[in-house]
Each structure stands twice: as structure tokens, then as C-alpha cells.
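Colleague: I am new to this structure and would like a close look at a single part of it. Could you take me slowly through the surroundings of the second largest cavity, and then show me what lies elsewhere for context?

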Amino acid sequence: MLRSVSVKNAINDALEIFQFDQWVRFYFTVDKDGGLRIEIPEEKLRKLEAEYPVLYRFADMVNDAPLDYKRSQDNVCSFVASRLDGEKYEATVLPQVFDDARFKVEMYLFNVWQKMHEPHLDEEYLDFSEWMEMYEGWNSLDEVKEYRSKLLESGVDPQTPACGTAQ
């Protein structure tokens, strides 16, 4: 089987999984028995299975499971590794993805978008495709493109604070 060596494609595939995880946690996190859990209704799971067969596997994996930061991180990373590393891409590709400035900037921008639009996203349930359509619309704005370029040109990880002073 031929595996890709395209870091650019691997970045896009990894981003989609991380974005999907954010969407799942945004809409399907419930407080139950004093802890957080993911609970995806059966009809939503069936729709995901039909529309996103690969991402459905992730949703199925985390459904009805306890949720905390470490579990969430472990789930996403193990899913990315099992679906992409050595399967779709050569084993040397995925380690490059997480160190790549484009991946870091795109994750940062997605998180900025989500925080900026949280009140709207919270008004009503949006399918993952609707979320991504909204994000792509925002992402195509000239201001966002300019900001992305500045972040990439700076060479600095946008998640790392620029000063050591406590805010």
C-alpha cells in the first residue's frame, strides 16, 4: 500500500479530526453524576455514520465516556495516530505535522473563531458541516488571511505567551 508523504495533506486531515473533537465536545458534553461525559444521541450518531464514516469512528469511540482534559487529549491523539500515522501517511509524516507552524496557526485560529462565535454556536445545534461552513466563511475574510500571514511570518507559536509577566 502506498502511503502519502504530504505534510500539507496530513495537516488538513489532523486539523479536521481536532475540529471534529471540538464540535463533539461543544454540543454533546453533559454533566452527569458529578462528572462530564460525552452523550451523542443515537439519531445524531447514525447521521454522522452516513456523512462522516471516518469521523463517526471517533464519535463512537468517545460516546458514553467520561470526559476530562487528559482523556480528551489522549482520545484525539490516539485517533489521529491510528487513522493517519503509518496508515494513510508514512510514519515520518505525522511527527512533522504537530511541529509545523501551519498546524499550530490553524489550530489557534480555529480556537479564536470558536471563542468569538460561541454565543452564536450556542443558540442552536449546528451539524459539523454547518460549523465548518461558518468557519470557512470567517476564514476567508481578508482580515483573517492577513492575521494568518502575520502569524506564519513571525515564526512564533501563537499559543505561547510573548511575555513572561503574569496577566
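Modeller: What follows starts at that cavity and then moves outward to other parts of the chain.

Please keep in mind throughout that this is a predicted model. The second largest cavity has a volume of about 50 Å³, and it is one of 2 cavities of 30 Å³ or more. Its lining is made up of Trp23, Lys44, Lys47, Leu48, Glu51, Tyr52, Tyr125, Asp127, Phe128 and Ser129. Helices α2 and α7 are the elements that give two or more residues to this lining, and α2 contributes the most, with 4 residues. Sorted by class, the lining of the second largest cavity holds 5 nonpolar residues, 1 polar residue and 4 charged ones.

Several of these lining residues also contact one another through their side chains, and the aromatic ones are a good place to begin. Tyr52 and Phe128 form an edge-to-face aromatic pair, with 5.5 Å from centre to centre and 75° between the planes. This pair links distant parts of the chain, since Tyr52 sits in the loop between α2 (42-51) and α3 (53-62) while Phe128 belongs to helix α7, 76 residues apart. Phe128 has a relative accessibility of 2% and counts as buried. Tyr52 has a relative accessible area of 19%, and because the limit for buried is under 20%, Tyr52 is still classed as buried.

The charged members of the lining take part as well. The side chains of Asp127 and Lys47 meet in a salt bridge, at 2.6 Å from N to O. Here too distant parts of the chain are linked, with Asp127 in the loop between α6 and α7 and Lys47 in helix α2, 80 residues apart. Asp127 is buried, at a relative accessible area of 15%, whereas Lys47, at 34%, counts as partly exposed. Lys44, another residue of the lining, lies over the face of Tyr125, at 4.1 Å from the ring centre.

With that cavity described, the wider setting can be added, beginning with the other contacts between aromatic rings. A search of the whole structure finds 24 aromatic pairs. One of them joins Tyr27 and Trp131, edge-to-face, at 5.9 Å centre to centre and with 65° between the planes. Tyr27 lies in helix α1 (residues 7-28) and Trp131 in helix α7 (residues 128-139), so this pair ties together parts that are 104 residues apart in sequence. Both Tyr27 and Trp131 are buried.

Salt bridges can be followed in a similar way, and the count for the structure comes to 12. Glu42, Arg46 and Glu49 are linked in a network of salt bridges. Lys32 forms a salt bridge with Glu39, the closest N and O atoms being 3.0 Å apart; Lys32 is partly exposed at 39% relative accessibility, and Glu39 is partly exposed at 25%. A salt bridge within helix α1 brings together the side chains of Asp21 and Arg25 at 3.0 Å, N to O, and these two residues, being 4 apart in that helix, are separated by about one helical turn. Asp21 is buried, with a relative accessible area of 6%, while Arg25 is partly exposed, with 28%.

Asp21 and Arg25 also lead to the largest cavity, as both are among the residues that line it, together with others including Val24, Ile38, Phe58 and Asn75. The largest cavity has a volume of about 70 Å³. At least two residues of its lining are supplied by each of α1, α3, β3 (65-66) and α4 (69-84), and by class the lining has 7 nonpolar, 2 polar and 3 charged residues.

Helices α1 and α7 appear once more around the second largest pocket, where they and α6 (101-123) are the elements that give two or more residues to the lining. About 210 Å³ of space lies in the second largest pocket, and the largest share of its lining, 5 residues, comes from α1. Among the lining residues are Lys8, Leu15, Arg102, Met132 and Tyr135, and the whole lining divides into 4 nonpolar, 3 polar and 4 charged residues.

Note on methods. Residues are numbered from 1 along each chain as its sequence is written. Side-chain values use heavy atoms; hydrogens and water are left out. Rings of Phe, Tyr and Trp (its six-membered ring) pair if their centres lie within 6.5 Å; planes under 30 degrees apart count as stacked, over 60 as edge-to-face and the rest as tilted. Buried means under 20% relative accessible area, exposed over 50%, partly exposed in between (1.4 Å probe, protein chains only). A charge sits over a ring if NZ of Lys or CZ of Arg is within 6 Å of the ring centre and within 35 degrees of the ring normal. On a 1 Å grid over the protein atoms alone, a cavity is a set of points where a 1.4 Å probe fits but cannot get out, and a pocket is an open set with protein on both sides within 12 Å along at least five of seven lines; lining residues have an atom within 4 Å of a point. Grid points are joined across faces, edges and corners, and a volume is the space filled by probe spheres set on the points. Ala, Val, Leu, Ile, Met, Phe, Trp, Tyr, Cys and Pro count as nonpolar, Asp, Glu, Lys and Arg as charged, and the others, Gly among them, as polar. A salt bridge is a side-chain nitrogen of Lys or Arg within 4 Å of a carboxyl oxygen of Asp or Glu.
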